[in-house]
Amino acid sequence: MMGMYFEFKDSLHNFLIYGWNTSTLSSFLVIIAVCFALALLIEAGRALHSILSHRANLSPLVYAKTSRNVAETTPLLRSLIIPTNVDQIVKRKIKYHIGMSLLHVAKVVVAYVVMLAVMSYNAWVFVTVVIGSALGYLIFGAIQHKITTADTPDTHVINNQDDMLGTHSQTSYEPIG
């Protein structure tokens with residue numbers, strides 16, 4: 001019976017599959033590297049899912065393509081043209097939804113494998129998964145943020161009631177004395 005506590009050992013017995021044992025340091029390091037890569041892969045999948053979700057929910061004005069000659073219109077009007085075919089929008093959303101569904105299945109499978117690896121109660125595997133997940137979030141979270149904010153137009157945030165009403169009150173401060 002396996003103990004229900006973490007141990008710092010350099011060998012694994014019956015790791016994930018009955019009979020899969022690591023007796024040498026090199027085979028143990030391969031297992032550690034695979035666990036690290038899987039933890040990175042989980043974070044990459046999360047970022048990719050977020051990017052796909054963001055792209056699927058973009059306004060049709062962002063990716064509009066029409067059969068008319070758009071070059072003849074002014075830049076302002078060109079940005080306001082709506083796709084002529086609603087089926088294009090529906091097909092695009094369906095493609096993104098199918099892609100996100102397949103990605104979700106892959107993420108769940110990899111996450112369960114990583115969970116089972118951690119349940120080996122080997123402290124080195126646990127530390128490796130935590131470090132891999134943190135590094136993956138650091139890398140792929142930054143990429144995700146960069147991509148999703150690049151597609152979003154800049155908006156002005158209204159900070160006070162005067163700006164909301166359109167009256168920009170100017171206050172001047174005079175020194176006392």
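Y96 is found in helix α3 of what is a predicted model, and this residue offers a convenient point of entry into the fold. The C-alpha atoms of Y96 and A56 are separated by 5.9 Å, although the two residues lie 40 residues apart along the chain. Once its neighbours within four places in sequence are left aside, Y96 is in contact with L52, R55 and A56. Of these partners, L52 and A56 appear among the buried residues of α1, and the helix α1 itself runs over residues 25–56.

From this local view one can step back to the whole chain. The secondary structure of the protein comes to five helices and zero strands, and when read along the sequence the pattern is α-α-α-α-α. Buried residues make up 24% of the 177 residues in the protein. Among the contacts with a separation of 6 or more, 68% are accounted for by residues 24 or more positions apart.

Helix α1 is a useful reference for what follows. Its 32 residues reach 46 Å from the first C-alpha to the last, which is close to the 46 Å expected at 1.5 Å a residue. The buried residues of α1 include F28, I31, I32 and C35, and further along the helix A39, I42, E43, G45, A47 and I51; E43, with its acidic side chain, is on that list as well. These buried residues pack against two other helices, α3 (86–118) and α4 (123–150).

Two packed helices are described by the angle between their axes and the distance between the axes. For α1 and α3, the axes come within 9 Å and cross at roughly 160 degrees, and therefore α1 is roughly antiparallel to α3. The crossing of α1 and α3 is left-handed. Sorted by class, the contact of α1 with α3 has 16 nonpolar, three polar and five charged residues.

The packing of α1 with α4 has its own geometry: these helices pack at an angle of about 25 degrees, with their axes 8 Å apart, so that α1 is roughly parallel to α4. Here α1 passes α4 in a right-handed crossing. The residues of the contact of α1 with α4 divide into 17 nonpolar, eight polar and two charged.

Helix α4 can also be considered from its own side. Its 28 residues should span 40 Å at 1.5 Å a residue, and its end C-alpha atoms are 40 Å apart, which agrees. In α4, the buried residues are A123, V125, T128, V129, G132, G136, G141 and T148, and they pack against α1 and α3. One of them, T128, has a relative accessible area of 11% and counts as buried because this value is under the 20% cut-off. Apart from its neighbours within four places in sequence, T128 is in contact with I32, C35 and F36, and I32 and C35 are themselves listed among the buried residues of α1.

The remaining pairing to describe is that of α3 with α4, whose axes come within 8 Å and cross at roughly 145 degrees. The contact is made by V114, A117 and V118 of α3 together with V125, F126 and V129 of α4. By class, this contact of α3 with α4 has six nonpolar, no polar and no charged residues. V125 and V129, which take part in this contact, also belong to the buried residues of α4.

Technical notes
Residues are numbered from 1 along each chain as its sequence is written. This is a predicted model: local features need pLDDT of at least 70, side-chain atom pairs count only at pLDDT 80 or more; totals for chains, interfaces and linings use all residues. Side-chain values use heavy atoms; hydrogens and water are left out. Helices (H or I, at least four residues) and strands (E, at least two) are DSSP runs, numbered from the N terminus. The expected span of a helix is 1.5 Å times one less than its number of residues. Buried means under 20% relative accessible area, exposed over 50%, partly exposed in between (1.4 Å probe, protein chains only). Contact means heavy atoms within 4.5 Å. Axes are lines fitted to C-alpha atoms, for helices over the stretch in contact, and angles run from 0 to 180 degrees between N-to-C directions. Angles under 35 degrees count as roughly parallel, over 145 as roughly antiparallel, 65 to 115 as roughly perpendicular and the rest as oblique. A crossing is left-handed if the near helix is turned anticlockwise from the far one by less than a right angle, and right-handed if clockwise. Ala, Val, Leu, Ile, Met, Phe, Trp, Tyr, Cys and Pro count as nonpolar, Asp, Glu, Lys and Arg as charged, and the others, Gly among them, as polar.
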